[in-house]
Amino acid sequence: MIQLRDKVAIVTGGSRGIGAAIAQALGDAGACVVVTYSSKIALSRSVAERIAQRGGQSMVLQMSVENPRSVRQGVKTVLKHFGRIDIVVNNAGIWKRAPIGTMSEKEWNETMDVNLKGTYLLCNAVAPIMKRQRSGKIINIASTAGQRGEAFYSHYAASKGGVIAFTKSIAVELAPYNVLVNCVAPGWVVTDMTAHVFRDRKRRKRIEAEIPRQRVATPEDIAGPVLFLASELSNHLVGAVINVNGGSVLS
């Protein structure tokens, strides 16, 4: 069993969906999990309570990942409380339809700010800390959209493609300091963000037919590989992109 006892982990967007499953998995493995949220404090507290009920430790923290001041303050709070940061999971993200030709600059900027800039800001804030510690794990959540594109969500695909390139770049910079940066790229996952898609049974069947595993992932399917990357089992992975999509995209 993977053990992360005495490790301090930050999971952005940890109040629901993939983030909540990741937070729970890290907590079950013994990590003290900082569950960040933008506005859903009640949901974040519920995640923290579930972690505690299963014997884990956690705290909730408001952090707007696209806001440099909020990120810096959040990192300071975690350091003040725990004295170290061992694991960071950049999970916070948004996915909103916007066809090219009618997409507004505001829609483009919002997606880039949360998905790509948010990942940069937290990595930039924790890198000096992890370098001083001579240890750390950073796991960025990308998407199959960043590998093959996604019609009507080109801004989302561009942001996630950026996350993949950013991961590979800083992984090489930080590896000499024993700070290991890798990426998980999910395909379709059943969450509240995608619930409107899967309410259409015919569309869900079409999606599942295109996945070799013949099913859509659960948040827990994504949490497992993240847990692996956070553990010592992944100590020679640098800049890897782990595809968790049931075989729909192979690279």
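Which residues does Thr167 touch, not counting residues up to four places away in sequence? The legends below begin with the answer and refer to a predicted model.

**View 1. The surroundings of Thr167 in helix H6.** Helix H6 spans residues 154-174 and contains Thr167. When residues up to four places away in sequence are not counted, Thr167 touches Asn140, Val181, Asn182 and Cys183. With Asn140 there is also a polar contact, in which the two side chains are joined at 2.9 Å. Thr167 counts as buried because its relative accessibility is 0%, which is under the limit of 20%.

**View 2. Ala240 in the loop before strand E7.** Ala240 is placed in the loop that lies between helix H9 (219-230) and strand E7 (241-244). Leaving aside neighbours within four places in sequence, Ala240 is in contact with Val181, Asn182 and Cys183. These three residues are also among those that Thr167 touches. The C-alpha atom of Ala240 is separated by 7.3 Å from that of Lys168, although the two residues are 72 residues apart along the chain. Ala240 has a relative accessibility of 22% and therefore counts as partly exposed.

**View 3. The open sheet of seven strands.** The strands follow the order E3-E2-E1-E4-E5-E6-E7, and their pairing is parallel. Strand E3 (57-62) and E7 form the edges, each pairing on one side only. From one strand to the next, the twist averages 20 degrees. Strand E2 (residues 32-37) runs parallel to E3 and is joined to E3 by six bridges; within this pair, Val33 stands opposite Ser58. Helix H1 (residues 17-28) packs on the sheet, where H1 touches E1, E2, E4 and E5, and the direction of H1 makes about 170 degrees with that of E1. Helix H4 packs on the sheet as well, touching E1, E4, E5 and strand E6 (179-186), and the direction of H4 makes about 170 degrees with that of E4.

**View 4. Strand E4 between E1 and E5.** In a regular strand, side chains alternate between the two faces of the sheet. In strand E4 (residues 87-90), Ile87 and Val89 point one way and Val88 and Asn90 the other way, and all are buried. Strand E1 (residues 8-11) runs parallel to E4 and is joined to E4 by three bridges, with Val11 opposite Val89. Strand E5 (residues 136-141) is likewise parallel to E4, and four bridges join the two. In this pair, Val89 stands opposite Ile139. Together with helix H4 (residues 105-133), E4 and E5 make a right-handed β-α-β unit.

**View 5. The largest nonpolar core and the contacts of Val33.** The core has 32 residues, of which Leu4, Ile22, Leu26, Val33, Val89, Ile139 and Val184 touch the most other members. At least two residues of this core come from each of E1, H1, E2, helix H2 (41-53), E4, E5, H9 and E7. H1 gives the most, with seven residues. Not counting residues up to four places away in sequence, Val33 touches Ala9, Val11, Ala23, Leu26, Gly27, Ile51, Gln57, Ser58 and Met59. A second, separate core of 28 residues includes Val65, Ile94, Val126 and Ile129.

Terms used. Residues are numbered from 1 along each chain as its sequence is written. This is a predicted model: local features need pLDDT of at least 70, side-chain atom pairs count only at pLDDT 80 or more; totals for chains, interfaces and linings use all residues. Side-chain values use heavy atoms; hydrogens and water are left out. Buried means under 20% relative accessible area, exposed over 50%, partly exposed in between (1.4 Å probe, protein chains only). A polar contact is a pair of N or O atoms within 3.5 Å; within protein, one must be able to donate a hydrogen and the other to accept it, and residues adjacent in sequence count only if both atoms are side-chain atoms. Contact means heavy atoms within 4.5 Å. Two strands pair if DSSP finds at least two bridges between them. A crossover is right-handed if, with the strands pointing away from the viewer, the path from the first strand over the helix to the second runs clockwise. Axes are lines fitted to C-alpha atoms, for helices over the stretch in contact, and angles run from 0 to 180 degrees between N-to-C directions. A nonpolar core is a set of buried Ala, Val, Leu, Ile, Met, Phe, Trp, Tyr and Cys residues joined through side-chain atoms within 4.5 Å.
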